Amino acid sequence: MPETIDQYQEGKRDVTFRVFRFNPQVDSKPYFDDYTISAERGITVLRSLNYIKEHVDASLSFRAFCQAGICGSCGMRVNGISKLACTSQVWDELDKCREPGIIKVEPLRSLPMIKDLIVDMDPLVDKMKHYSNWIETTMPLAEIGKKEFLVSEKEFHRYDKATDCILCASCVSECSILRANKEYVSPAVLLKSYRMNVDSRDGIHDVRLSELVKDHGVWDCTHCYRCQESCVKSIPIMEAIHAIREDAIECRGPKDTSGAKHAEAFMEDIEKKGKLVEATLPIRTNGMVWTLRNLLPMAMKMIVKRRTPPPPPLVKSAKGIKVFRAMFREMTEHVKQDHLKSHKK
Amino acid sequence: MKPFDIVIVGGGGAGLYAAMEAMKTNPSLNIAVLSKVYPNRSHTSAAQGGANAALGNTAKDDTIEMHIFDTIKGSDYLADQDAVDVLCSEAPKIIRELENIGTPWSRLEDNTIAQRPFGGAGRPRCCYCADKTGHTILQTLYEQCLRKGVIFFNEYFALKLSVNGSRSRGLLAMNMKTGKVEAFPAKTVIFATGGYAKMYWNRSSNAAGNTGDGQAIAYRAGIPMKDMEFVQFHPTGLRKSGLLVTEGARGEGGFLINKDGERFMARYAKEKMELGPRDLVSRSIETEILEGRGFDSPAGKYIHLDLTHLGADLIKARLPQIREMSLNFEGVDPIEEPIPVRPTAHYSMGGIDTDNFGRTIMEGVYAAGECACVSVHGANRLGGNSLLDILVFGRIAGRTAAEEAGKFEPGTISEAELKDSVDDLRSRMQPSGHYERYGALREELGQTLALNVGIFREASLVKKGINDISELQDRFKKVRVFDSSDVFNTNLMQVLELQNMLDLAETVAAGALAREESRGSHTRIDFPVRDDEKWHKHTLATRINGKISAGEKPVTMGRYELQERTY
Ligand SMILES: Cc1cc2nc3c(=O)[nH]c(=O)nc-3n(C[C@H](O)[C@H](O)[C@H](O)COP(=O)(O)OP(=O)(O)OC[C@H]3O[C@@H](n4cnc5c(N)ncnc54)[C@H](O)[C@@H]3O)c2cc1C
Ligand code: SF4
Ligand code: SF4
Ligand code: FES
C-alpha cells in the first residue's frame, strides 16, 4: 500500500483504537468506543491511551504506573493478545489488526471487571496467599540478620528467571483452564510456587506442595502453553509447572493425587486399547473438553518418557472429535518439544 | 472504621518494611497499609543497580566506616553524620535479614551475596540481584507482609491528614474502586509515599505516580519540608519520556555526540570522557544544549547517545534492555541509529523533615523512604544508598511508631470533616465556564521546572520558575474533572496528583532561590562555589496560613570535617 509507505516516511499514521468500555454505574453491558488519532513512529499503545485520555475522553480508564515495562500495571489485551500496553508499539500492532488500521483494546480476561480496561487483581493476590507464595525461613529467629545462608549461583539460577515475574496477569488472562474454572491456581501462582519450592532457604515446601496437588491445583493445567507464549517477561512457565508435577510424583508417589492417577489410567487406556473409552474417564463430572485438556498432557508426557509412540486416538463423539484432534496434535507437538528441551539441558 | 494503631501510607520498600517491623515489635497492634497502587507495583521495583552494605564479601577490606565516609563525602557534606552512621551500621544487618527471608541475590564463588562497584564508593559494596534488585526486594517484602497477614487497603488514594492542634487524628483517603472517601482514624501515621521527581514530568525517569503525595499532604498540614531544592539528575534519559538509559550504555563504550558530530565530553572531562560522574556529565550535556549544539525536535532538545560503532553483536549480547527501551519508547534501533537523550530528573533528596527515628514535628506522624529527609543523602545521593535508606529507615519508623502508638489517644475523625473532603472532590467535577486541561498544566509544570529550576539555576531563572508555578496554581483552580463516575476515577486521581506536585514545586523553587551556592546536585550559575560559611545548613519550607515560610536547620557533624569534594 503506497499511501502507508508515504505516511511511514512522514513518521505519522492515522490509527483507530477500538476500546472496550464499561462503567458498572451506568452501563448494563460493555460496548466499544472508537478513537482515531495520528500516531507517530515509536509511540506505544499506552502513550496513545494517555493521549486519548488527556485530549479526547478523560473518562477512559486504565491502569499505568512505571510506563517502562517494570511494574506490571498496564496488562490488557491488544488485538486479542494479553500484553503490556507500555511496551507495545502502535506501529507493530498495526500489522496485527484484524480490521486494517483498527487496534482493538480490551481488558484482561478471567479477572473480575471493574471499569473499562481495569480488572480486579485481588483474586490473584488471594491465590498467592492460598498457596503460601512466600519463603518461610529456616533461619532460627535469633540468627536472623546475623549471617547469610550460603547459596550457590547454580541454585540462584534455578529461580532467577521465575523471579522476573511482575504479576501483570497476562498469563492469567490467556490461561485456557482459568476461563473455565476461576478457582484454578493460575500460571503466575504456579510459577511463584515453583520459585519458593526450589529455594533451599524455605521450610514449607511440603505444605505448599500438598496444597498444589489438590483440586484446582497443578494437575488441572492442560499444558496448552498459552501462558508461556504470552508471558511478557519470556519466562518459561511450563518448566516450572513440569517441575512441580515431577516434584509431586517424586515426593508423594504417582498414586497419591487424583490428577496423577487419572493421567496414569488415561495413558493405560490409550496404550492398551488404542482408543479412548469414555466410560473410564471422568467426563460426567467435568465434561469432554475439560477432561481432555486436563489429562491428555500428562498422559502424553508419560508416553514420551517411556518412548511409546502414542497411537492415533479414536473418539466416537462426533461433537468433540474436531476439538480433540486439534488439541491432540497441538499437545503432542508441545510435549515433544518440551521433552527435547529438557533433554538438551 | 475501627481506629488503627498505625496507618502506613505507601506500599513501597519503606512502607512494607515499616509494616513488617511494626508487627514484629508489637503483634497485638492493629496496622493498615494504604497504597494507591498494588504494593508490588511501587516504584521501588524500578531500582536496578542494587543496595549498598559493607558486607565485605567482594572486597574483604571494606568497612562500615568507609561506607560512612563515602556517603558523607558524596552528600557534599550536607548529610547529618549521626544519621549516616545509623544508615551504614544497619546496612549489613538489613541486607542479611532480607537474604534470610527470601530475597534472591546474585552470588559469589564462595556462595555469599555478590557485590559490585558503584559510583562514589571506595569499595565494591553494592549488593545486587542481576538487574532487578529493587524488584526482588519489593517482592520479598510484599510476600512476607502477605505471610504475616498485614491488612492492605490497595488502590486507596490518601487525601489529607486530620489534624487537631499539634497532633494528627488519622487520615482521609479515597477508595478508588468505589470513589468513597473513607476515614482512617489512627494513633500514628507513617508516610512512605516515595519521591517527587515526577514533577519534572516528561523530564523525569520516575513512575507516573511519584508525585510527592505524602510530602504535599504533610506540607499542607504544616509539617516542614527539608532540602527540597536537591533533585538529582541522571545524564541519559530518553528524549520523549525521560525514561532511564542506564550507565551500562556508556560503560560499554557509547559516545555522547552533539549536533556538530563532536564527542563533546572531551571539553569537560578529557580523561574520563563519557564515564565522568553523573552530575558532571549531566551538566555537560545541558551546556551543549544551552549553547545551541543540541538537536531540536518537537519533543524538545537533545543530544545523541551513539552505540552504532559497538556493532550489532555486542549491543544484542550486552545491552539488550537498552536496545529494547530505545525501540519501545523512541522507535529507534541503537544498532542503526543513535539514541536521542537528555538529562532526566531521577531522585529527590529533599522531603519530609524527620529525626533519626522517623518522627516529624507533628506528634504521631512519621515518615520514611524517599518521601522523608533524615538526611542521609544531603546534597547528592550515592547510587545504591537509596534502597538502603528506605529499608533501614522504613524499619526504624515502623519500630518507633509501634513503640510510641501506646502514648497517643485513638483519634476520631468527624463526619463533618469527612463531608468536607467529599465536597471538595465533588466541586472539582462541576465548575462552569472556562476550564483548564490538567494534562497541559502538568506538562507546563515539568517544562518550567526543567528549564528554570533544573540542572543550572540562576536567580532570574528561578524567579521566573516561581512565577510560572504560581500562575499554574491559579489556573489549576479551573481544572475540570470530566469523568463523573465514582468507580476508579483516574481522571480525578491525576488531578489530585497534579495539585500535590504544584504545591511541592513551590518548595523546590523556593529552596533553589534561597540557596546561594553550588553544592551537590544544586548548581547556581551566579554562585558557582560551595559556600560553607553561609550555606552549610539544611533549608526548611513550612506552609503557614497558606503561605510558604522559609527556615533552616544545622547539619549534624561529629565524624568528618568539611573538605572539598573531588573525585
Ligand atoms: C529508574 C530508577 C532506578 C533506581 N535505581 C536505584 C538503585 O539502583 N539503587 C538505589 O538504592 N536506588 C535506586 N533508585 C531509587 C529508589 O528506587 C527509590 O528511592 C526507592 O525505591 C523509593 O522507595 P519508597 O519505598 O520510598 O517509595 P516507592 O517505592 O516509590 O513507594 C511509594 C508508595 O507510596 C504509595 N503512595 C504514593 N502516594 C500515595 C497516596 N496519595 N495514597 C496512597 N499511597 C500512595 C505508592 O502506591 C507506593 O506504594 C532508583 C530510582 C529510579 C527511578
Ligand atoms: S499451560 Fe496450564 S497454566 Fe499455562 S495457560 Fe495452559 S492451562 Fe493455563
Ligand atoms: S508470569 Fe509473565 S505474564 Fe504471568 S504475571 Fe508473571 S510476568 Fe506477567
Ligand atoms: S506501566 Fe508499568 S508495566 Fe506498563
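What follows is a friendly chat about a predicted model with a chain A, a chain B and bound ligands.

Reader: Hi! Before I load this up, is it predicted or experimental?
Author: Hi! This is a predicted model, so please read every value below as computed from it.

Reader: Got it. How many helices and strands are there in chain A?
Author: Chain A has 15 helices and seven strands. Buried residues make up 57% of its 345 residues.

Reader: And what share of the contacts in chain A is between residues 24 or more positions apart?
Author: Taking the contacts with a separation of 6 or more, 68% are between residues 24 or more positions apart.

Reader: Let's turn to the interface. How much area do chain A and chain B bury between them?
Author: About 5400 Å², and 51% of that is on carbon and sulfur atoms. Chain A brings 68 residues to the contact and chain B brings 69 residues.

Reader: Which three residues of chain A supply more of its buried area than any other three?
Author: Those are A:Glu54, A:Phe65 and A:Glu148, which supply 14% of the area chain A buries against chain B.

Reader: How many salt bridges are there between the two chains?
Author: The count between chain A and chain B is 11. One of the residues just named takes part in a salt bridge: A:Glu54 pairs with B:Arg442, with the closest N and O atoms 2.5 Å apart.

Reader: Nice. Where do B:Arg442 and A:Glu54 sit?
Author: B:Arg442 is in helix α13 (residues 438-452) of chain B, and A:Glu54 is in helix α2 (residues 45-55) of chain A, so the pair crosses between chains.

Reader: Is B:Arg442 buried or exposed?
Author: B:Arg442 is buried, with a relative accessible area of 6%. A:Glu54 counts as buried too, at 16% relative accessibility.

Reader: What about salt bridges over all chains, how many?
Author: The count comes to 76 over all chains. One of them joins the side chains of A:Asp34 and A:Arg18, at 2.8 Å from N to O. A:Asp34 lies in strand β2 (residues 31-40) and A:Arg18 in strand β1 (residues 12-21) of chain A, so this pair ties together parts that are 16 residues apart in sequence. A:Asp34 is partly exposed, with a relative accessible area of 41%.

Reader: I'm also curious about chain B. What does B:Glu274 meet in a salt bridge?
Author: The side chain of B:Glu274 meets that of B:Arg263, at 2.7 Å from N to O. B:Glu274 is in the loop between α7 and α8, while B:Arg263 is in the loop between β12 (255-257) and α7, 11 residues apart. B:Glu274 is buried at 3% relative accessible area, whereas B:Arg263 counts as partly exposed at 33%.

Reader: Which residues are linked in a network of salt bridges?
Author: The network includes B:Asp76, B:Asp227, B:Glu229, B:Arg283, B:Arg515 and B:Arg565.

Reader: Switching to backbone checks. Where is there a cis peptide bond?
Author: The bond from B:Val374 to B:Ser375 is cis, with omega near 15°. B:Ser375 is in the loop between β17 (372-373) and α11 of chain B.

Reader: And what is phi of B:Trp201?
Author: Phi of B:Trp201 is near 45°, a positive value in a residue other than glycine. B:Trp201 is in the loop between β9 (181-191) and α5 (213-220) of chain B, and counts as buried at 10% relative accessibility. B:Met273 also has a positive phi, near 50°. B:Met273 is found in the loop between α7 (265-268) and α8 (278-290) of chain B.

Reader: Why flag those at all?
Author: Because most residues other than glycine have a negative phi, and most peptide bonds are trans.

Reader: Makes sense. How many residues are in the largest nonpolar core?
Author: That core has 108 residues, and B:Ile6, B:Ile95 and B:Leu391 have the most contacts inside it. Helix α11 (residues 385-404) of chain B gives the most to this core, with 10 residues.

Reader: What is B:Ile95 in contact with?
Author: Leaving aside neighbours within four places in sequence, B:Ile95 contacts residues including B:Trp105, B:Ile113, B:Cys127 and B:Leu391.

Reader: Last one: which residues come nearest to ligand 2?
Author: Of the 13 residues around ligand 2, A:Cys175, A:Tyr184, A:Cys221, A:Cys224 and A:Cys227 come nearest. By class, the shell has 10 nonpolar, three polar and no charged residues.

Conventions
Residues numbered from 1 in each chain as written. Chains lettered and ligands numbered in written order. Predicted model: local features only at pLDDT ≥ 70, side-chain atom pairs only at ≥ 80, totals over all residues. Heavy atoms only, no water. Near = heavy atom within 4 Å. Nonpolar A, V, L, I, M, F, W, Y, C, P; charged D, E, K, R; others polar. Core = buried A, V, L, I, M, F, W, Y, C linked by side-chain atoms within 4.5 Å. Buried < 20%, exposed > 50% of the residue type's maximum accessible area, 1.4 Å probe, protein only. Helix = DSSP H or I, 4+ residues; strand = E, 2+ residues; numbered from the N terminus. Contact = heavy atoms within 4.5 Å. Buried area = accessible area lost by both parts, 1.4 Å probe. Salt bridge = Lys/Arg side-chain N within 4 Å of Asp/Glu carboxyl O.
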